[in-house]
Amino acid sequence: MTRAAIVVCWVMAIALALFLLAPLLVIAAASFSPTPVFDLPLTGASTHWYGKISRLDGFWPSLLLSLQIALFSTAISLVCGTLAAIAIARGKLPGAGIFATALVSPLMMPGLVLGIALLQGFRAIGFTAPWATLLVAHLVITLPYVARTMIAGLARFDFTLIEAARTLGCTYPGGVMRVMVPALAPSFLIAGLFSFLASFDNYPVSIFLADVRTKTLPIRMLQYIEEAPDPTLAALSTLILAGTVILLIVSDRVVGLHRMAGTSD
Amino acid sequence: MSEATPHLVVRGVSKRYGPTTVLDHIDLTIRRGELVTLLGPSGCGKTTLLRAIAGLAQPDTGKVELAGRNITNVPPHKRNVGVVFQSYALFPHLTVAGNVAFGLKVRGAARREIDAAVERALSLVKLGHLAGRRISALSGGQQQRVALARAIAVEPDVLLFDEALSALDRKLREEMQVELRRLLQDVKATAIFVTHDQDEALTMSDRVAVMNKGRIEQLAEPRELYLRPASLFALNFVGLSTRIPGTVLAADNGKVDVETKVGRMSALGNFQTGASVIVAARPEQLRLGEQGEANSAAGRVRSVVFQGSRTLVEVDAGAGESLLAELSGRDGAIPRVHDEIRLSWPVAETFAFPMEVQT
């Protein structure tokens with residue numbers, strides 16, 4: 001009976017993994033297709049489409065914009081989210097629980113609703129500079145990832161460590177930098193990674209705030225699909241996928257994926 | 001003698017958290033090289049006093065002087081104090097040597113100087129062979145030693161121990177008490193221990209400050225503290241005793257006659273006639289039978305506890321009062337449970353304390 005249950009579990013797990021990974025494999029395969037129309041089985045392999053990526057209309061500005069927004073929003077979120085997490089995790093703040101919930105709530109909000117709300121809100125106060133509105137909107141998206149990870153990390157952090165550092169000759173900020181930051185390095189890395197990825201591939205919020213000249217990469221990619229669906233897009237997707245995998249592998253080497261998933265210490 | 005000059009002076013230090021007074025005008029003077037324990041129950045203010053000396057808690061009033069310097073408003077990183085925390089607070093991202101070197105690195109000491117100091121500190125706590133280990137690979141006792149080495153390495157003016165031994169198991173703790181005292185005396189350190197463990201206080205310190213409700217009830221050498229407790233609280237907190245309530249019948253020049261439910265007794269103390277007092281004596285003062293210049297009471301033995309060289313005998317003296325005697329083998333026969341016996345103890349070793357108002 002137990003044996004049967006284990007077999008069923010494994011079959012389900014493998015089926016689920018295949019179901020999740022299959023589209024990614026198809027995309028990767030399609031990117032090497034020698035013909036503009038993707039057809040299985042492949043009749044050969046070509047890197048032709050990879051060469052065409054850089055010639056896509058408006059590709060470079062969009063990539064640059066997405067990277068800028070992702071990097072800046074991640075950096076700001078790391079600082080603000082960590083400070084907020086300290087206030088919440090130390091527990092001296094009245095209503096800390098409410099703040100924590102409020103901070104993390106955008107995670108539970110549908111992106112579309114968030115996008116419309118931000119668009120209306122920014123319009124109402126006359127804040128329409130596209131680059132800046134995108135950055136602020138992405139802060140709303142990335143801050144919860146950082147706050148959640150840092151609150152969890154800080155809950156395990158012994159603040160006596162900072163006091164120890166102070167009695168050993170550190171100022172308070174010095175103690176934070178020399179002791180808390182290194183001790184929380186894994187949390188920072190995880191928070192930064194999730195935050196960066198959440199910003200980089202965000203579509204539903206960005207679409208409301210982008211204009212003709214300010215389009216993030218996901219928006220630009222959807223536009224390509226509508227205009228000319230050829231394997232160039234598959235090649236681009238495969239590159240992004242590869243980049244993400246490399247990022248995850250590096251992080252795994254540094255802190256361990258099981259910690260990133262939050263399943264154990 | 002320079003040994004006798006005050007090294008650490010706490011004067012009139014008070015601290016309130018909201019409506020609670022945690023420290024109530026504390027005065028404390030410690031000589032160079034002295035080992036002093038702040039002893040008291042949790043919430044008595046001992047840890048807050050330690051934190052005020054370390055600079056981690058700012059007193060509302062009063063003054064702290066260390067090595068001739070007023071440090072009341074000096075931040076902790078400029079005080080030159082060493083603290084060993086209850087949780088040890090070792091830095092998990094550094095090795096043993098990295099932890100010990102931390103204070104010197106922060107102070108910008110030269111590399112060679114740091115290496116020498118780390119080696120010296122680690123050999124002092126006998127951990128030289130573990131310098132390259134990660135903190136998480138150490139046992140509790142080893143972590144305790146690293147914390148000590150880290151605090152000593154910067155050669156602080158005073159070492160502060162906040163319940164530093166309480167996380168160790170009993171046997172290891174008792175070994176560490178003796179070893180730590182010897183080590184601190186070797187390096188001529190001035191140290192303050194905070195503990196609620198009376199054995200630790202008596203073993204480790206030159207003087208013990210018994211604290212209660214934000215005040216120092218008594219500051220005395222361990223022996224004096226035990227033999228001449230200054231208050232009922234000090235009597236209760238350190239060691240065992242027989243305590244019998246009564247009313248003062250007559251008072252004469254530091255001596256009182258007290259009427260109790262188990263008979264009339266004489267005790268040392270200054271009280272008005274009619275005052276409610278508690279008459280107390282340490283268990284080793286009680287002897288079987290009568291003796292001269294002594295108080296005595298009779299009763300039925302309730303329990304006999306054999307403790308090796310001594311035997312603790314508890315006697316029901318009637319009227320809800322009990323006597324506690326610690327008899328050694330020399331006193332002849334040890335009574336058995338239910339025996340009717342008479343115990344006596346010298347008037348000179350009987351104290352009277354004011355009855356504490358119940359709060």
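A residue is buried if 20 or more other C-beta atoms lie within 10 Å of its own, exposed if 12 or fewer, and partly exposed in between, with C-beta atoms placed from the backbone. The structure is a predicted model, in which local features need pLDDT of at least 70 and side-chain atom pairs pLDDT 80 or more, while totals for chains, interfaces and linings use all residues. Residues are numbered from 1 along each chain as its sequence is written, and chains are lettered from A and ligands numbered from 1 in the order in which they are written.

**Exercise 1.** State what percentage of chain A is buried, and how many helices and strands chain A has.

*Solution.* Chain A has 265 residues, and buried residues make up 31% of them. Helices (H or I, at least four residues) and strands (E, at least two) are DSSP runs, numbered from the N terminus. On that basis chain A holds 13 helices and zero strands.

**Exercise 2.** Find which residues have the most contacts inside the largest nonpolar core, and which helix gives the largest share.

*Solution.* A nonpolar core is a set of buried Ala, Val, Leu, Ile, Met, Phe, Trp, Tyr and Cys residues joined through C-beta atoms within 7 Å. The largest one has 147 residues, and Ile53(B) and Ile192(B) are among those with the most contacts inside it. Helix H6 (residues 130–155) of chain A supplies the largest share, eleven residues.

**Exercise 3.** List contacts of Ile192(B) beyond its neighbours within four places in sequence.

*Solution.* Contact requires C-beta atoms, placed from the backbone, within 7 Å. The partners of Ile192(B) include Val36(B), Leu50(B), Ile53(B) and Phe161(B).

Methods:
Contact = placed C-beta atoms within 7 Å.
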